[in-house]
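Hello,

Here is the structure I promised to pass on. Please open it first, then read my notes below.

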Amino acid sequence: MADIRPMNFGEILDASLTIYRRHFGLFLKLAAVSLSIPVLLFVYLAARSLGSLMTQTPNLQAVLLLVPIFILYYVASLVLTAGTVRIISDSYLGRSPRLQDALALGISKIGSLFAVGLGKGIILFLVFVAIGIVVATLAALAKGLGTVAVLLLLLACGVGAWLAAFVACGYGVTTPVVVLEALGSSFDAFGRSWELTRDFKLKVLGLGLVAILLTNTIPSVVFQTIGSAVTPSLPALGITLTALGYLLPLVLAPVLAAVITLMYYDLRVRREAFDLQVLGRQLGIL
C-alpha cells in the first residue's frame, strides 16, 4: 500500500508515469471502452467530409454532425478521467483496480462532471472575452502612438494571459473534487478547488503544462509532422505515423488525469489531514 504524502513537482510526474506503466493494460482498456465510439464516429465522418471536399462537393450535414460527436467525446473523456481517479485511488489503497469499478464510478459522475466542465468553460470564455475587449479598446485608443501602443498592447496581452492562467489553475482540481468528495452541489467544486490551489497555482500551472506537452502536444506534433514529411515517398508509412499522432494522445490521456489526481492528493495532504483512511471512506471502501 502506497503512502499519501506531500510530493514535489518531479515526484508527482514520476508517480503518475509509474502508476500508468503499472496498470497500462487496464488504462488502455478503460480508454478503449470510454472513447472508442466517439473516436470511430469522428474518424468515419471526418473521412466522409474529406472525401466530399476532394470531389468538390462539401457535405455540410456531415460537418455539422461533428458537433454532437465532439460533445459525446467530451462526455466519454469525463468517464475516462473519473475512472482513472478510481484506478489510482485503488492502487494507493493496496487494492487490485478493476475495469468495472472504474467505469461504474465514471458513469455515476457524468452529470456532475459535465455540469462543472460546462461551468468552467463558460467562466474561461467570459475571461477571454473580457481580455479581448480590453485589448481591442487599448488598440483603438493607442492608434498613432507608435512604440507606446505596441508596449501597451503587449502589456495587456501579458496581463490577460496571466489572468486566464490564474483562473484556469484555480479551478484545476475540480474533477477529482467532484469524483472523490461529497458536495452539497456540483458547483461547490469551484470554491473547493480554488481554496485547495490557493498559494499553489504556479505549481498547478507548471504540472499542467508539462503533462499536456508530454501526453498530447509533443507526441501529436512529432508523429504528424514526420508522417506528413514521409507520405509523398512512403504513403503507407506516412499514414501510419499520422494515425499514431492522433492515437497516442488518446492512449496517454490517463497520464494527464493521473497528474491531476496526484496533484489533488498533494494539495489535500498539505492543507488537511488527508490520508488513506479518508480516501477509503470517500470511495465507500473503508
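**Aromatic rings and a nonpolar patch**

Tyr171 counts as buried, because its relative accessibility is 15% and the cut-off for buried is under 20%. Keep in mind that this is a predicted model.

Tyr171 also has a ring partner. It pairs with Trp194, and the pair is tilted. The centres are 5.3 Å apart, with 55 degrees between the planes. Where do the two residues of this pair sit in the chain? Tyr171 is in the loop between α6 (147–170) and α7 (174–180). Trp194 is in helix α8 (residues 188–196). They are 23 residues apart, so the pair links distant parts of the chain. Is Trp194 buried or partly exposed? Trp194 counts as partly exposed, because its relative accessibility is 30%.

The pair belongs to a wider group. Ring pairs join Tyr171 and Trp194 with Trp162, Phe166, Phe187 and Phe190 into a cluster. A lysine meets two of these rings. The charged end of Lys201 sits over the ring of Trp194, 4.3 Å from its centre. The charged end of Lys201 also sits over the ring of Phe166, 4.9 Å from that centre.

How many aromatic pairs does a search of the whole structure find? The search finds 9. One of them is Tyr20 with Phe27, a stacked pair. Here the distance is 5.8 Å centre to centre, and the planes are 25 degrees apart. Tyr20 is buried, with a relative accessible area of 8%. Phe27 is buried too, at 1%.

Now turn to the surface. A nonpolar patch there covers about 900 Å². Its residues are Val67, Ile71, Tyr74, Phe114, Leu118, Ile122, Phe125, Leu126, Val129 and Ile133. Which elements give two or more residues to the patch? They are α3 (60–92) and α5 (110–141). The most comes from α5, with 7 residues.

Take Ile122 as an example from the patch. Ile122 lies in helix α5. Why does Ile122 count as partly exposed? Its relative accessible area is 44%, and partly exposed means between the 20% limit for buried and the 50% limit for exposed.

To find your way around, start at Tyr171 and Trp194. Then look for Lys201 over the ring of Phe166. Finish with the patch, where α5 gives the most.

Best wishes

Conventions. Residues numbered from 1 in each chain as written. Predicted model: local features only at pLDDT ≥ 70, side-chain atom pairs only at ≥ 80, totals over all residues. Heavy atoms only, no water. Phe/Tyr/Trp six-rings, centres within 6.5 Å; stacked < 30°, edge-to-face > 60°. Buried < 20%, exposed > 50% of the residue type's maximum accessible area, 1.4 Å probe, protein only. Helix = DSSP H or I, 4+ residues; strand = E, 2+ residues; numbered from the N terminus. Lys NZ or Arg CZ within 6 Å of the ring centre and 35° of its normal. Patch = residues over 30% accessible without salt bridge, like charges linked within 9 Å, V, L, I, M, F, W, Y side chains within 5 Å. Areas by Shrake-Rupley, 256 points an atom, 1.4 Å probe, with all protein chains shown as cover. Salt bridge = Lys/Arg side-chain N within 4 Å of Asp/Glu carboxyl O.
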